[in-house]
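Please explain how this chain is organised, from its sheet to the helices and side chains packed around it. An account in running paragraphs would be welcome.

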Amino acid sequence: MDQDRLMEFVGKFAGDLGATMAAGNIVVGDRLGLYRALAEGPARPAELAERTGTDPRYVEEWLRGQAAGGYVIYDADAATYSLTEEQAFALTDPDGPLYLPGAFELALGSLAATDRVVDAFRTGKGIGWHEHDDKVFSGCERFFRPGYTGHLVAEWLPALDGVIERLESGARVADLGCGHGASTVLMAQAFPKSTFIGSDYHEGSIDEARKRAADAGVAERVRFEVATAQSTAGHDLDLVTTFDCLHDMGDPLGAAKQVRSSLAPDGTWMIVEPFAGDTVVDNLNPVGRVYYNFSTFLCVPSAMSQSGGYALGAQAGEKAIGQVVTDAGFTRFRRVAETPFNLVYEARP
């Protein structure tokens, strides 16, 4: 046995174990407002505890762990902790274009299904999206919504051929697999002349989406309904969107065919999917690791709980998505945009 390689692997283990436990602490810091309070200025543990109405000894241990993980900065001379501008940007603004705590909420919610996932490995059965811990639904939105906030209206929609003009003049849009409706509401706020239908098979998410639309003042132009992507009603639609959900479906081809039949002859389907290459080797990187592991707990079990025979997984890649699109009868398919976490495609009849 190579002792150097063994110790290198043990070092990787230590990093992973620390990161696993850090997930809970990051969610604690988010819920208690510890990051936001620390962004006000450097503080000793007792000072941060006073700002947040929390216990100093708990805060002290939390701060030490955050400093060890590189999430806060420790000044040994002053015995204070602080956030850099970059750390504060990523950890304190849930409405900004980058917000990391939501991803850890999603991770904790996913891990709650560990026993069921073990059973699924043995039986080959699926786990429905609706069967997961509630933190999966809220965490998923909080993980993906910042990317939508930063890129959807400013970059992704403009990359589609002629879509912005139609949205500005008044388009009919369906947002399939909309979850809590973050993407639907963002589009409705940006394009007041257009009307939107958001759908998801999870009733709890649709209830929340309706509340979000009402709070955003767009409920008169946005309708949410409980429906699968394969059964969503609609015709002569100008735009259909699917955000980070096509790969979760047990019958993505059926969904693609439904989209094709619901579009106007010159309509557009915008497909947003997790960033992925076409081969396993392409995805052996930190982002691929994130998505493969989430996919094992969420995406593949979701697809296998449905009829259809597909389980694309979160790292399907452009080739696999393109195959579904062309098999459904679309004649044009192209990648139009990308971020470190998403790929955006355009499909046309």
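The paragraphs below describe the sheet, the helices and the nonpolar cores in turn.

The structure is a predicted model. A convenient starting point is its open sheet, in which seven strands follow the order S5-S4-S3-S6-S7-S9-S8 with mixed pairing. At the edges stand strand S5 (222-226) and strand S8 (332-338); each has a single partner strand, so one side of each lacks a neighbour in the sheet. From one strand to the next, the twist averages 20°.

Within the sheet, strand S3 (residues 172-176) is paired on both sides. Its pairing with strand S4 (residues 195-200) is parallel and extends over five bridges, with Arg 172 opposite Thr 195 in S4. Strand S4 is mostly covered, five of its six residues being buried. Strand S3 also pairs in the parallel sense with strand S6 (residues 237-243), here over four bridges. In this pairing Asp 175 stands opposite Thr 241 in S6, and Ala 174 has Val 240 of S6 as its bridge partner.

Strand S6 is itself mostly covered, with seven of its seven residues buried. Six bridges join S6 to S7, and these two strands run parallel. Leu 237 stands opposite Leu 263 in S7.

Leu 263 merits a description of its own. This residue lies in strand S7, and its relative accessibility is 6%; because a residue under 20% is classed as buried, Leu 263 counts as buried. The C-alpha atoms of Leu 263 and Leu 239 are 7.1 Å apart, although 24 residues separate the two along the chain. Beyond residues up to four places away in sequence, Leu 263 touches Asp 236, Leu 237, Asp 238, Leu 239, Val 240, Thr 268, Trp 269, Phe 330 and Pro 349.

Helices pack around this framework. Helix H14 (residues 317-327) packs on the sheet and touches strand S7 (263-274), S8 and strand S9 (342-348). The direction of H14 makes about 145° with that of S8. Helix H12 (residues 252-262) has eight of its eleven residues buried, so this helix is largely enclosed by the rest of the structure. The buried residues of H12 are Pro 252, Leu 253, Gly 254, Ala 255, Ala 256, Gln 258, Val 259 and Ser 262. Their cover includes the strands S3, S6 and S7 together with helix H14.

Helix H6 (residues 101-111) is likewise largely enclosed by the rest of the structure, because nine of its eleven residues are buried. Among the buried residues of H6 are Pro 101, Phe 104, Glu 105, Leu 106 and Ser 110. What covers the buried residues of H6 includes helix H1 (3-31), helix H5 (85-91), helix H7 (114-123), H8 and helix H13 (286-304).

Helix H8 also packs against helix H10. Two packed helices are described by the angle between their axes and the distance between the axes. The axes of H8 and helix H10 (residues 182-190) come within 9 Å and cross at roughly 25°. Angles under 35 degrees count as roughly parallel, and H8 and H10 are therefore roughly parallel to each other. The crossing in which H8 passes H10 is right-handed. On the H8 side, the contact is made by Glu 141, Arg 145, Tyr 148, Thr 149, Leu 152 and Val 153. On the H10 side, Ala 182, Ser 183, Leu 186, Met 187 and Ala 190 take part.

The nonpolar cores complete the description. The largest contains 50 residues, of which Leu 152, Trp 156, Leu 157 and Met 270 touch the most other members. Helix H8 (residues 134-156) supplies the largest share of this core, eight residues. Apart from this core lies another, of 24 residues, including Ala 174, Leu 253, Ala 255 and Ala 347.

Which residues does Trp 156 contact, leaving aside its neighbours within four places in sequence? Trp 156 is in contact with Gly 147, Tyr 148, His 151, Phe 243, Met 270, Val 272, Ala 337, Thr 339, Asn 342 and Val 344.

Methods: Residues numbered from 1 in each chain as written. Predicted model: local features only at pLDDT ≥ 70, side-chain atom pairs only at ≥ 80, totals over all residues. Heavy atoms only, no water. Core = buried A, V, L, I, M, F, W, Y, C linked by side-chain atoms within 4.5 Å. Buried < 20%, exposed > 50% of the residue type's maximum accessible area, 1.4 Å probe, protein only. Contact = heavy atoms within 4.5 Å. Pairing = 2+ DSSP bridges. Axes fitted to C-alpha atoms, helices over the stretch in contact; angles between N-to-C directions. Parallel < 35°, antiparallel > 145°, perpendicular 65-115°, else oblique. Left-handed = near helix turned anticlockwise from the far one by under 90°.
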